[in-house]
Amino acid sequence: MLQLSPWEKLGAFHGDLRMPISDIESFRLVSNPWTSEIMRGVRAPGTGFPYLIMLGTLRNFRGWRAFCAIYKKRPAVIINFKSGKFNSWIVTTEDAESINSLLSQ
């Protein structure tokens with residue numbers, strides 16, 4: 001479950017997200033989530049200021065969708081799913097190693 005603060009819900013135009021762990025296809029940690037490889041789409045709906053904040057849904061013309069909660073130039077975890085509303089979650093984290101060890105179990 002990805003719990004959003006009230007301000008994040010307002011900025012992302014979205015509520016908390018839930019996906020079963022069994023639906024995780026892959027995950028990886030990235031030091032810079034602002035690359036064109038990762039940010040491949042248009043933000044709709046949500047809030048975004050380049051290199052400062054990206055909250056909401058990224059979409060591209062092929063039907064790919066990602067939920068983003070990216071802040072500044074912090075490390076992020078990218079979680080890809082087998083199915084569901086979003087293909088990926090891209091979320092900055094203060095504790096990347098803890099998330100890596102948790103998802104590796």
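In this predicted model, Gly-48 has Met-54 of strand β3 as its bridge partner. That pairing belongs to a longer contact between two strands, since β2 and β3 are joined by six bridges and run antiparallel. In general, the strands of a sheet pair through backbone hydrogen bonds, and they do so either parallel or antiparallel.

From this pair of strands the reader can move outward to the whole sheet, which is open, is built from six strands and follows the order β1-β5-β6-β4-β3-β2, with mixed pairing. At its edges lie β1, covering residues 24-30, and β2, covering residues 42-49, each of which pairs on one side only. On average, and with direction ignored, neighbouring strands of this sheet are turned by 10° against each other.

The next topic is the nonpolar interior. The largest nonpolar core holds 15 residues, and the members that touch the most other members are Leu-2, Leu-17, Phe-67, Ile-79, Trp-89 and Val-91. Several strands take part, for β3 (53-59), β4, β5 and β6 each supply at least two residues of this core. The strand that gives the most is β5, with three residues. A second core, separate from this one, consists of 13 residues and includes Trp-34, Trp-64, Cys-68 and Ile-70.

Two residues show how such surroundings look at the level of single contacts. If residues up to four places away in sequence are not counted, Val-91 touches Leu-2, Ala-69, Pro-75, Ala-76 and Val-77. Thr-92 has its place in strand β6, and with a relative accessible area of 13% this residue is buried. Leaving aside residues up to four places away in sequence, Thr-92 touches Ala-69, Ile-70, Tyr-71, Arg-74, Pro-75 and Ala-76.

Aromatic rings offer another way of following the chain. A pair of aromatic rings is described by the distance of the centres and the angle of the planes. The count of such pairs here comes to three. One of them is formed by Trp-34 and Tyr-51, which are tilted, with 5.6 Å from centre to centre and 45° between the planes. This pair links distant parts of the chain, as Trp-34 is in the loop between β1 and β2 while Tyr-51 is in the loop between β2 and β3, 17 residues apart. Trp-34 counts as buried because its relative accessibility is 13%, whereas Tyr-51, at 48% relative accessibility, counts as partly exposed.

Another aromatic pair, that of Phe-67 and Phe-86, is edge-to-face, with 5.8 Å from centre to centre and 70° between the planes. Here too distant parts of the chain are linked, with Phe-67 in strand β4 and Phe-86 in the loop between β5 and β6, 19 residues apart. Phe-67 is buried, with a relative accessible area of 0%, and Phe-86 counts as buried at 4% relative accessibility. Phe-67 has already been met as one of the residues that touch the most other members of the largest nonpolar core.

The last topic is the charged side chains. Side chains of opposite charge can pair when their charged atoms come close. A search of the whole structure finds three salt bridges. In one of them Lys-9 is joined to Asp-16, with the closest N and O atoms 3.7 Å apart. Lys-9 is partly exposed, having a relative accessible area of 33%, and Asp-16 also counts as partly exposed, at 30% relative accessibility.

Another salt bridge connects Arg-28 with Glu-37, and its closest N and O atoms are 3.4 Å apart. Of these two residues, Arg-28 counts as partly exposed at 37% relative accessibility, whereas Glu-37 is exposed, with a relative accessible area of 51%.

The remaining salt bridge is the one between Glu-94 and Arg-74, in which the closest N and O atoms are 3.3 Å apart. It links distant parts of the chain, with Glu-94 in the loop between β6 (88-92) and α2 (96-104) and Arg-74 in the loop between β4 (65-71) and β5 (76-81), 20 residues apart. Glu-94 is exposed, with a relative accessible area of 66%, while Arg-74 counts as partly exposed at 32% relative accessibility. Arg-74 also appears among the residues that Thr-92 touches.

Methods: Residues numbered from 1 in each chain as written. Predicted model: local features only at pLDDT ≥ 70, side-chain atom pairs only at ≥ 80, totals over all residues. Heavy atoms only, no water. Salt bridge = Lys/Arg side-chain N within 4 Å of Asp/Glu carboxyl O. Buried < 20%, exposed > 50% of the residue type's maximum accessible area, 1.4 Å probe, protein only. Helix = DSSP H or I, 4+ residues; strand = E, 2+ residues; numbered from the N terminus. Core = buried A, V, L, I, M, F, W, Y, C linked by side-chain atoms within 4.5 Å. Contact = heavy atoms within 4.5 Å. Pairing = 2+ DSSP bridges. Axes fitted to C-alpha atoms, helices over the stretch in contact; angles between N-to-C directions. Phe/Tyr/Trp six-rings, centres within 6.5 Å; stacked < 30°, edge-to-face > 60°.
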